[in-house]
Amino acid sequence: MDQPLVFRREEGVRVTDRFGTRQVQPGRLLRGQITLPVVRALAERRTESFLVVQFDHHLDLRIWEGAPGDPRAEREPVFDTNVMSHVSDLVGPGRFVQVGVSPFATVEAGSLDAMRTFLDATGRQLCPTDPELHDPALFRAAIGQGQDIYLSLDIDVLQRAEMSSTGYPAEIGLSTPTLLRLIDLVLDGNRLVGFDLVEFAADRSDRSEGTLSDAGRATAVFPHVLSWISRQAGEKPDKRSETCQAR
């Protein structure tokens, strides 16, 4: 049985994949450097499918140069604004749910008609204003039950008032309690197989009150997800014992 993959970076490192080698700057984790290599590793080592649930203010999908209207369009190299298109390619159609994304996206006029079909084929997008985020039953139905989950958390899914220490703060975002509640709803009845937490981007020398408050909220999310690993790992011995007793 797979063990959850947890990646944490304390110092700058160099990341290498088929797109080359580049430096990851200390103090900031980017999806293209973390999420994609981990999801690729999971996809290569697993035979069962899994669902990627992305909490983010941004789609991070390639929606320019006609891509929504041409599913055969060649992928550009990975960067921050297209990385989830590469992730979607790995997990397959309908295996990707995006939570907290902005209700607005800029798209070229020629792609406007194809945009909805493109998003539907990719998976499901849930904005902060959607009823699913305010109704536990609707949200559970959108995610599903009995699945393996890879959880990707971009801290800019939080509203600007609670998270300004990121590259692109959200004007229309989630509150911290809402984010933690939705994480619980995603993982209750599903199995966590990996997660990442990215895009906290404060300077390490910044000890201002606002930045320290942002850091406190970001670090609160990390152990909250870790608690689910402990909780689900703790269920395994009981299940094995019940199986042994039944035999």
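These questions and answers deal with a predicted model.

Student: Which residues touch the most other members of the largest nonpolar core?

Tutor: The largest nonpolar core holds 34 residues. Elements that give two or more residues to this core include β4 (51-55) and β7 (148-154). The residues that touch the most other members are Val53, Phe55, Leu151 and Leu153.

Student: Which element gives the most residues to this core?

Tutor: Strands and helices both contribute two or more residues, among them β5 (96-99), α4 (136-143), β8 (191-198) and α6 (209-246). Another on that list is the helix at 176-187. With seven residues, the top contributor is α5.

Student: How many residues are in the other core, the one that includes Leu61?

Tutor: This core lies apart from the largest one. Its members include Leu61, Val83, Tyr150 and Val193. The count is 22 residues.

Student: How many salt bridges does the structure hold?

Tutor: Side chains of opposite charge can pair when their charged atoms come close. One such pair here is Asp148 with Arg46. Another is Arg124 with Glu132. The total is seven.

Student: How many residues apart are Asp148 and Arg46?

Tutor: The closest N and O atoms of this salt bridge are 2.6 Å apart. Asp148 sits in strand β7. Arg46 is in the loop between α1 (31-45) and β4. The bridge thus links distant parts of the chain, with a separation of 102 residues.

Student: Is Arg46 buried or exposed?

Tutor: The cut-off for buried is under 20% relative accessible area. Its partner Asp148, at 15%, is buried. Arg46 has a relative accessibility of 7%, so Arg46 is buried.

Student: Which partner of the Arg124 and Glu132 salt bridge is buried?

Tutor: The closest N and O atoms of this pair are 2.8 Å apart. Arg124 has 33% relative accessibility and therefore counts as partly exposed. The other partner has 14%, so the buried one is Glu132.

Student: Where is Asp188, the partner of Arg140?

Tutor: Arg140 and Asp188 form a salt bridge, with the closest N and O atoms 3.2 Å apart. Arg140 is partly exposed at 28%, and Asp188 is partly exposed at 35%. Arg140 belongs to helix α4, and its partner lies 48 residues away in sequence. Asp188 is in the loop between α5 and β8.

Student: Which residue joins Arg46 and Asp148 in one network?

Tutor: Arg46 and Asp148 form a salt bridge. Salt bridges that share partners extend the pair into one network. The residue that joins them is Arg191.

Student: Why is the pair of Phe195 and Phe222 called tilted?

Tutor: The structure holds one aromatic pair. Its ring centres are 5.4 Å apart. Planes under 30 degrees apart count as stacked, and those over 60 as edge-to-face. The planes here stand at 55 degrees, so the pair is tilted.

Student: Which elements does the Phe195 and Phe222 pair tie together?

Tutor: Both residues are buried. They are 27 residues apart in sequence. Phe195 and Phe222 lie, in that order, in strand β8 and helix α6.

Student: What is the distance from the charged end of Arg231 to the ring centre of Trp228?

Tutor: The charged end of Arg231 sits over the ring of Trp228. The distance to the ring centre is 3.9 Å.

Student: How far apart in space are Ser213 and Ser164?

Tutor: Ser213 is in helix α6, and Ser213 is partly exposed at 32%. In sequence, 49 residues separate Ser213 and Ser164. C-alpha to C-alpha, their distance is 9.9 Å.

Note on methods: Residues are numbered from 1 along each chain as its sequence is written. This is a predicted model: local features need pLDDT of at least 70, side-chain atom pairs count only at pLDDT 80 or more; totals for chains, interfaces and linings use all residues. Side-chain values use heavy atoms; hydrogens and water are left out. A nonpolar core is a set of buried Ala, Val, Leu, Ile, Met, Phe, Trp, Tyr and Cys residues joined through side-chain atoms within 4.5 Å. Buried means under 20% relative accessible area, exposed over 50%, partly exposed in between (1.4 Å probe, protein chains only). Helices (H or I, at least four residues) and strands (E, at least two) are DSSP runs, numbered from the N terminus. A salt bridge is a side-chain nitrogen of Lys or Arg within 4 Å of a carboxyl oxygen of Asp or Glu. Rings of Phe, Tyr and Trp (its six-membered ring) pair if their centres lie within 6.5 Å; planes under 30 degrees apart count as stacked, over 60 as edge-to-face and the rest as tilted. A charge sits over a ring if NZ of Lys or CZ of Arg is within 6 Å of the ring centre and within 35 degrees of the ring normal.
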